[in-house]
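Grab a pencil and open the viewer. Here are some exercises to work through, each with a solution in steps.

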Amino acid sequence: MAALPRILTVDPTGAVARIVRAALHLIDRPVIQVDVPGGTEALEEVFRAEFRLVISTLSIGDSMKGFELAIRVKQAQPDTGMLLLADVNDPEDLDQETREASPFVYLRRPIDPHRFLRVLLAALDNKDVLTAAYATSAPPREGLPAHLGAIPTLDVNAAQSMVDTLLTDVGAMAIVVANRAGEVLLERGAVGYLDREQLTSILLPTIHSIMDISTLVGGRPSALQAFDGDTYDIYVLSVGYHHFMCLIFDGQIGGRQLGAVNRYGRRAAEDLIALIGASALQIERIAQPDIPTALDAETEPEETIEPAAVRAEEWGVETPPPPEPEPLKLEPIENLDINIFDQQELDTLDESLADDLFNPERLAEIANETRRDRGPLSYDEARELGIIP
């Protein structure tokens, strides 16, 4: 049986020892932890036994400082990782040049839990703690679709209760919910030991493939992917087209949870889709502008641009007015038969009254007569006008 890894904490107040013990309890890793108050006691332990990691404060209460202790620990045990936890009033971080030359990891309280757990796990797994502490998250992968429109909003507060229920139903170590842009929206359980940004970045191409395969399979496609490893087992469930959910298990038991994930995980994914709404299964593709090529420029005819104004040849030349339109002339009626009219009416017709139709003064008098109050019509007048039979 291999010996358990050993961790040494150096802090006169005992706060660092409590932090390390809580982190080890969170990740459930068996470790031998030794706690000492000062640098002298720490060197005695280093000379007595081999440690995977030494965690110390900057001020350790005696004449020795944290920087000096780190150098002496590295001289005694070059493979031992060294972590210094600074106080609130100390510098926030080291510059790049000092960081590369220093034989220790420098973190300031309040501690970033994700970085602290990465350092702790790297030391326990015999990996480089400097790389684990200062390595940046995986950059977004190139070539991902960028014309799919806006990502629907997920109510994180409402989704938290659904994820907590799923975490209990399947017995997962952690659950992470992210969108197709790689942004982590919700994380529940012990997620600090796994780089969630790197996880979501790696899974993005497979999530985007669901959009492309939807036209092939039809309906409302959903995906369940399983990644079986020695340390961790990860199940990935699609939540519509724009979100996905990662269920993380211990590598020793995760392979037996496929049935529970398929049952409870799919049900939770459907609940999240209902929470997002109809937009979870809609893709608003942005129209891409057509870029003309050289071949198009050769085949398409050139458009003739007409000038908005034409310059006159000579200034001061008067333009003749347009000709007046010819008056309308009707052809005379040939062979007009006057007998079609009532002869009695024609005999009594006063031809001089026809001139009144073209006399403006007479027309004005007739118009004034129509404005006068004549009172009610008599029976005979109404009969003559044809109002009554």
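The exercises below go from a sheet to a helix and then to the cores.

This is a predicted model, where local features need pLDDT of at least 70, side-chain atom pairs count only at pLDDT 80 or more, and totals for chains, interfaces and linings use all residues. Residues are numbered from 1 along each chain as its sequence is written, and side-chain values use heavy atoms, with hydrogens and water left out.

**Exercise 1. Work out the strand order of the open sheet of five strands.**

Step 1: get the elements. Helices (H or I, at least four residues) and strands (E, at least two) are DSSP runs, numbered from the N terminus. Two strands pair if DSSP finds at least two bridges between them.

Step 2: follow the pairs. β6 runs antiparallel to β7, joined by five bridges, and Ile-175 has Arg-188 in β7 as its bridge partner. β6 is also joined to β10 by six bridges, again antiparallel; here Asn-179 partners His-243. Eight bridges then link β9 and β10 in the antiparallel sense, with Tyr-232 partnered by Asp-250 in β10.

Step 3: write the order. It reads β7-β6-β10-β9-β8, with antiparallel pairing. β7 and β8 are the edge strands, each pairing on one side only.

Step 4: check the turn. The hairpin of β6 and β7 has four residues between the strands, and Gly-182 there takes a positive phi near 85 degrees.

**Exercise 2. Explain why β6 is largely enclosed by the rest of the structure.**

Step 1: count buried residues (under 20% relative accessible area; exposed is over 50%, partly exposed in between; 1.4 Å probe, protein chains only). Six of the six residues of β6 are buried, so the strand is largely enclosed.

Step 2: split them by face. Ala-174, Val-176 and Ala-178 lie on one side, Ile-175, Val-177 and Asn-179 on the other, and both faces are covered.

**Exercise 3. Describe helix α8, residues 196–217.**

Step 1: compare the span with the expected one (1.5 Å times one less than the number of residues). With 22 residues, α8 reaches 30 Å from first C-alpha to last, close to the 32 Å expected.

Step 2: find the bend (the angle between axes fitted to the seven residues ending at a residue and the seven starting there). α8 bends by about 45 degrees at Leu-204, and Pro-205 follows within four residues.

Step 3: look at the cover. Buried residues of α8 include Leu-199, Leu-203, Ile-207 and Met-211. Among the elements covering the buried residues are α5, β8 and β9.

Step 4: look past the end. Gly-218 follows α8, with a positive phi near 75 degrees.

**Exercise 4. Which element gives the largest share of the largest nonpolar core?**

Step 1: define the core. It is a set of buried Ala, Val, Leu, Ile, Met, Phe, Trp, Tyr and Cys residues joined through side-chain atoms within 4.5 Å.

Step 2: size it up. The largest one has 25 residues, and Phe-116 and Leu-120 are among those with the most contacts inside it. Suppliers of at least two residues each include α1, β3 and α5. The largest share, eight residues, comes from α5.

Step 3: zoom in on Phe-116. Leaving aside neighbours within four places in sequence, its contacts (heavy atoms within 4.5 Å) include Ile-19, Ile-55, Leu-83 and Leu-107.

Step 4: note the other one. A second, separate core of 23 residues includes Leu-166, Leu-167, Leu-237 and Met-245.
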